[in-house]
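Student: I've got a structure open and I'd like to learn how to read its rings, helices and contacts. Can you walk me through it?

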Amino acid sequence: MCSRVAESRIVARVTDANVAGKTHLPVDDLAELIRVFDIGEVLDRRHLADGLMNMNWRLDTRTGRFALKRVTDVPLGRLRRNLAVLPVLVSRGVPACAPLPTVSGDVVAAVGGSGYCLFPWSDGEHVRGVDLSLSQVADLGAHLARLHAAFGRAADVANLPAVPASITIEVTEVGRAVQKADRLAGAVSARSSHDAFDAAAAAALEQRKLLLGKCADLRPEGNIPAGPHGWTHGDFQYRNLLWAGGELAAVLDWDRLGVRPYAEEVVRTAQVQFSVEGVFDLERVSAFVAGYRSVNPLEPDVLVDAVRRLWWKRMTDFWQLEFHYDRDDHSCDELFLADEALLHWWTDRLDVVERTFATYHPATIHHSRPIADTA
């Protein structure tokens, strides 16, 4: 993570009743963090509301301004491994911020039962993909392709595990997805009182089962995705991107760094970046893919395979409802409602969406600056 300005344009509307407890930075933790990071007296601290999983704060101190992150959903050993990559990526031209070490040289401070990391502050704003110009969208695609290339060159230096020769990704069977839907429907009906979200969830689960039955023959074949794979960011989307002066200023939040198909990250990024009010902005999807392919020319059939696999993953996944009903965590409720609307729109236009990803439109590329080699 680099940092987020308080006046960011994207503010997550969190509905979790326990949000105050999640966003609170204990006084004892802060005192210990001041000591281990040696940042001096904190004059002001402000919670940053843009994230959904981990908690972030801006700290103004006598020695400078910093971004503090409390990581709750990644093992600290993996977090240390991921953060160790950042100095290498920065040296390769990736817009990112290297973490600041503690007085003992660690990049993660284990304090009060949580893991914290600290970064220098960097100004910028979060901008949804649909608010970017087409040239910025194409630049973003090229940035992602250069990031993938930088990972390939940095893996040995950063001591990342070797990329396996092949990877497999399970394609969920219809029966298993229906079982998950039934279990969650039972959790909804078992509630002593029902609110508007419960009603929406119950209706969506019934509709999803019908959709699964109608689309069973469109399930992707095999557990081996098409195309090349390697180290990827894992969550390359607007909440984790800072823009300044019309340029991408920083890529944030490297918690989910992992080995994946490159096309999977291209398609997932496009889905999060360029879907709004339950539809894809297909013009921006096309520009983004064209920007990526101007650096890393993935084959059309590879992209189509990734589109179909992500669509099916969305069809058979209920993670936001699992957060809500299994963890009593309501912070992602609105993601479920938005993703459900997109799923139905996407399903009705599956062939159109796949053609959009597969069709290369170089005329949409208007890079604001030359594509630089990350070597």
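Tutor: We'll go through aromatic pairs, then one helix, then a few single residues.

Tutor: Some ground rules: this is a predicted model, where local features need pLDDT of at least 70, side-chain atom pairs count only at pLDDT 80 or more, and totals for chains, interfaces and linings use all residues. Residues are numbered from 1 along each chain as its sequence is written, and side-chain values use heavy atoms, with hydrogens and water left out.

Student: How many aromatic pairs does a search of the whole structure find?

Tutor: Rings of Phe, Tyr and Trp (its six-membered ring) pair if their centres lie within 6.5 Å; planes under 30 degrees apart count as stacked, over 60 as edge-to-face and the rest as tilted. Here the search turns up eight pairs. Take Phe-197 and Phe-336: their ring centres are 6.2 Å apart and the planes sit at 65 degrees, so this one is edge-to-face.

Student: Which helices hold Phe-197 and Phe-336?

Tutor: Helices are DSSP runs (H or I, at least four residues), strands likewise (E, at least two), numbered from the N terminus. Phe-197 is in helix 6 (residues 196-215) and Phe-336 in helix 11 (residues 333-348), so the pair links parts of the chain 139 residues apart. Ring pairs also bring in Tyr-325, making a cluster of Phe-197, Tyr-325 and Phe-336.

Student: Are Phe-197 and Phe-336 buried or exposed?

Tutor: Buried means under 20% relative accessible area, exposed over 50%, partly exposed in between (1.4 Å probe, protein chains only). Both Phe-197 and Phe-336 are buried. Compare another edge-to-face pair, Trp-319 and Phe-323, at 5.3 Å centre to centre with 80 degrees between the planes. Those two are four residues apart in helix 10 (residues 319-326), about one helical turn. Trp-319 has 24% relative accessibility and counts as partly exposed, while Phe-323 has 10% and counts as buried.

Student: What lies over the face of Phe-323?

Tutor: A charge sits over a ring if NZ of Lys or CZ of Arg is within 6 Å of the ring centre and within 35 degrees of the ring normal. For Phe-323 it's Arg-327, at 4.0 Å from the ring centre. Arg-58 does the like with Trp-121, its charged end 5.7 Å from the centre of the ring.

Student: Back to helix 6. Where do its buried residues sit around the axis?

Tutor: An arc is taken from the directions from the helix axis to the C-beta atoms. The buried residues of helix 6 include Phe-197, Asp-198, Ala-201 and Arg-208. The buried set covers an arc of only 145 degrees, so it lies on the same side of helix 6. The face turned away carries exposed residues, among them Ala-199, Leu-210 and Lys-214.

Student: What covers that buried side of helix 6?

Tutor: Contact means heavy atoms within 4.5 Å. The cover includes helix 5 (174-189), helix 9 (300-316), helix 10 and helix 11.

Student: Which side chain shares a polar contact with His-324?

Tutor: A polar contact is a pair of N or O atoms within 3.5 Å; within protein, one must be able to donate a hydrogen and the other to accept it, and residues adjacent in sequence count only if both atoms are side-chain atoms. For His-324 the partner is Asp-333, at 2.9 Å. His-324 lies in helix 10 and is buried, with a relative accessible area of 2%. Not counting residues up to four places away in sequence, His-324 touches residues including Arg-191, Phe-197 and Asp-198.
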